[in-house]
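Student: I have a structure open on my screen and would like to talk it through with you. Could we take it one question at a time?

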Amino acid sequence: MDFPPPEFDLRAYLLGPAAAIGGAAPGTGQWSVQRDLLDRATGTRGTFSGVVHFASRDDGGLDLREEGTMHWPTFTGPATREYVLATTPRADTMDVSFPDGRPFHSMSFTPRENLDQHWCDPDTYRVTYTYEGPNSFSYSWDVTGPRKDLLLTSRLVRLQKEEA
């Protein structure tokens with residue numbers, strides 16, 4: 001497994017080099033996302049594909065907006081979600097919250113810091129982030145509890161100028 005260097009700055013990584021995205025405003029980063037969805041209780045499978053936009057906030061954090069298309073046996077159509085990423089005392093970690101300010105989890109690629117969980121009564125969401133290199137990363141949500149038994153695996157690849 002590849003790990004980021006000790007001086008890794010997660011915010012800068014997510015935004016990427018300003019020249020990487022043609023036409024993107026300074027302080028923005030764009031990534032393609034492919035997600036596999038598995039309901040382990042029923043064996044139902046689906047996918048999501050789209051784009052994740054990271055945008056700088058005045059407070060030093062980032063806004064995250066994901067938009068794309070979800071394919072599920074009972075639904076095919078547009079899907080979006082948004083989060084807010086806040087800086088922490090560590091440059092290699094950001095705190096993720098819902099748009100209304102409720103805390104969600106911490107994001108990091110640092111060994112032992114790349115795992116976190118979120119209790120969403122009555123189910124537990126466990127996330128693992130994996131750094132794959134300067135232009136790609138993945139994360140997996142393992143959701144278990146009396147209501148859900150899901151595995152959601154996402155892979156993000158930085159969009160380059162010719163792809164934007």
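Student: Which strand gives the largest share of the lining of the largest pocket?

Tutor: Happy to start there, and do keep in mind that this is a predicted model. The pocket has a volume of about 680 Å³, and 33 residues line it. Five of these residues come from one strand, spanning residues 75-87, and that largest share belongs to strand β4.

Student: What are the numbers of nonpolar, polar and charged residues in that lining?

Tutor: Let's look towards the middle before counting. Arg35, Arg81, Tyr83, Trp141 and Leu152 lie nearest the pocket's centre. Sorted by class, the whole lining comes to 25 nonpolar, three polar and five charged residues.

Student: How far from Asp123 is the nearest side chain of opposite charge?

Tutor: Asp123 belongs to strand β8, which covers residues 123-133. Asp123 is buried, yet it has no salt bridge. A salt bridge needs the charged atoms within 4 Å. The nearest oppositely charged side chain is that of Lys148, at 4.9 Å.

Student: Which backbone nitrogen lies 3.1 Å from a polar atom of the Asp123 side chain?

Tutor: Two backbone nitrogens are worth checking here. That of Lys148 is 3.4 Å from a polar atom of the Asp123 side chain. The 3.1 Å distance belongs to the backbone nitrogen of Arg147.

Student: Why is Thr128 classed as partly exposed?

Tutor: Thr128 also sits in strand β8. Buried means under 20% relative accessible area and exposed means over 50%, with partly exposed in between. Thr128 is therefore partly exposed, because its relative accessible area is 31%.

Note on methods
Residues are numbered from 1 along each chain as its sequence is written. This is a predicted model: local features need pLDDT of at least 70, side-chain atom pairs count only at pLDDT 80 or more; totals for chains, interfaces and linings use all residues. Side-chain values use heavy atoms; hydrogens and water are left out. On a 1 Å grid over the protein atoms alone, a cavity is a set of points where a 1.4 Å probe fits but cannot get out, and a pocket is an open set with protein on both sides within 12 Å along at least five of seven lines; lining residues have an atom within 4 Å of a point. Grid points are joined across faces, edges and corners, and a volume is the space filled by probe spheres set on the points. Helices (H or I, at least four residues) and strands (E, at least two) are DSSP runs, numbered from the N terminus. Ala, Val, Leu, Ile, Met, Phe, Trp, Tyr, Cys and Pro count as nonpolar, Asp, Glu, Lys and Arg as charged, and the others, Gly among them, as polar. Buried means under 20% relative accessible area, exposed over 50%, partly exposed in between (1.4 Å probe, protein chains only). Lys and Arg count as positive and Asp and Glu as negative; His and the chain ends are not counted. A polar contact is a pair of N or O atoms within 3.5 Å; within protein, one must be able to donate a hydrogen and the other to accept it, and residues adjacent in sequence count only if both atoms are side-chain atoms.
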